[in-house]
Amino acid sequence: MEKATQTQGHLGNGSVEKPSLTFELVSQFFCMPIHEAARELGVGMTLLKKRCRELGIRRWPARKVRSLQKVIADVKELGNEGTLERAGQTKILVRKLQQEMKLIVERPDVQLDEKTKEFRQACYKEMYCRRRKRKLGKVLD
């Protein structure tokens with residue numbers, strides 16, 4: 001991942017050249033918290049937030065992206081345990097979730113689809129129940 005170019009020095013009119021933070025450059029860092037993204041880009045968090053507002057990014061989308069990444073990983077894990085038919089459904093679902101993540105990276109202000117939110121909750125509940133069963137199984141052994 002490339003860093004923003006930052007030139008120290010005056011431009012002749014009394015101002016200092018700012019780093020060139022384009023949407024394409026900034027969007028590469030949507031999967032990490034904003035303070036880490038600022039450090040990777042070599043700029044301050046305030047400057048990054050200001051530039052994001054100028055680019056139309058009102059809220060940093062890292063939590064949405066990480067949430068979708070986790071749901072995709074959970075779906076793959078749950079899908080591996082089923083039949084071939086279920087594997088086909090899993091691939092379709094993973095593709096849909098990846099398309100939604102791509103949309104969020106392209107347009108961060110887009111809200112998650114309601115069905116995706118419901119599915120995320122169902123995945124969380126299923127994984128929670130599995131962890132709890134494993135924990136109870138260890139206690140009973």
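Is Arg130 buried, partly exposed or exposed? In this predicted model, Arg130 has a relative accessibility of 21% and therefore counts as partly exposed, since the buried class requires a value under 20%. Its salt-bridge partner is Glu126, with 2.8 Å between N and O. Glu126 is likewise partly exposed, because its relative accessible area is 34%. The two residues are four apart in helix H6, so about one helical turn separates them. In general, an α-helix has 3.6 residues a turn, so residues three or four places apart point the same way.

I turn now to helix H4. This helix comprises 18 residues, 62–79, and at 1.5 Å a residue should span 26 Å; its end C-alpha atoms lie 25 Å apart, in agreement. Its buried residues include Val65, Leu68, Val71, Ile72 and Leu78. Asp74 is also buried, at 8% relative accessibility, and its side chain forms a salt bridge with that of Lys70 at 3.4 Å, N to O. Both residues belong to H4 and are four residues apart, about one turn of the helix. Gly79, in the same helix, is buried with a relative accessible area of 7%. The C-alpha atoms of Gly79 and Gln89, ten residues apart along the chain, are separated by 8.2 Å.

The next salt bridge joins Asp113 and Lys96, whose closest N and O atoms are 3.8 Å apart. This pair links distant parts of the chain: Lys96 is in helix H5, whereas Asp113 is in the loop between H5 and H6, 17 residues away. Asp113 is partly exposed at 35%, and Lys96 is partly exposed at 35%. Together with Glu100, they form a network of salt bridges. The count for the model is seven salt bridges.

Terms used. Residues are numbered from 1 along each chain as its sequence is written. This is a predicted model: local features need pLDDT of at least 70, side-chain atom pairs count only at pLDDT 80 or more; totals for chains, interfaces and linings use all residues. Side-chain values use heavy atoms; hydrogens and water are left out. The expected span of a helix is 1.5 Å times one less than its number of residues. Buried means under 20% relative accessible area, exposed over 50%, partly exposed in between (1.4 Å probe, protein chains only). A salt bridge is a side-chain nitrogen of Lys or Arg within 4 Å of a carboxyl oxygen of Asp or Glu.
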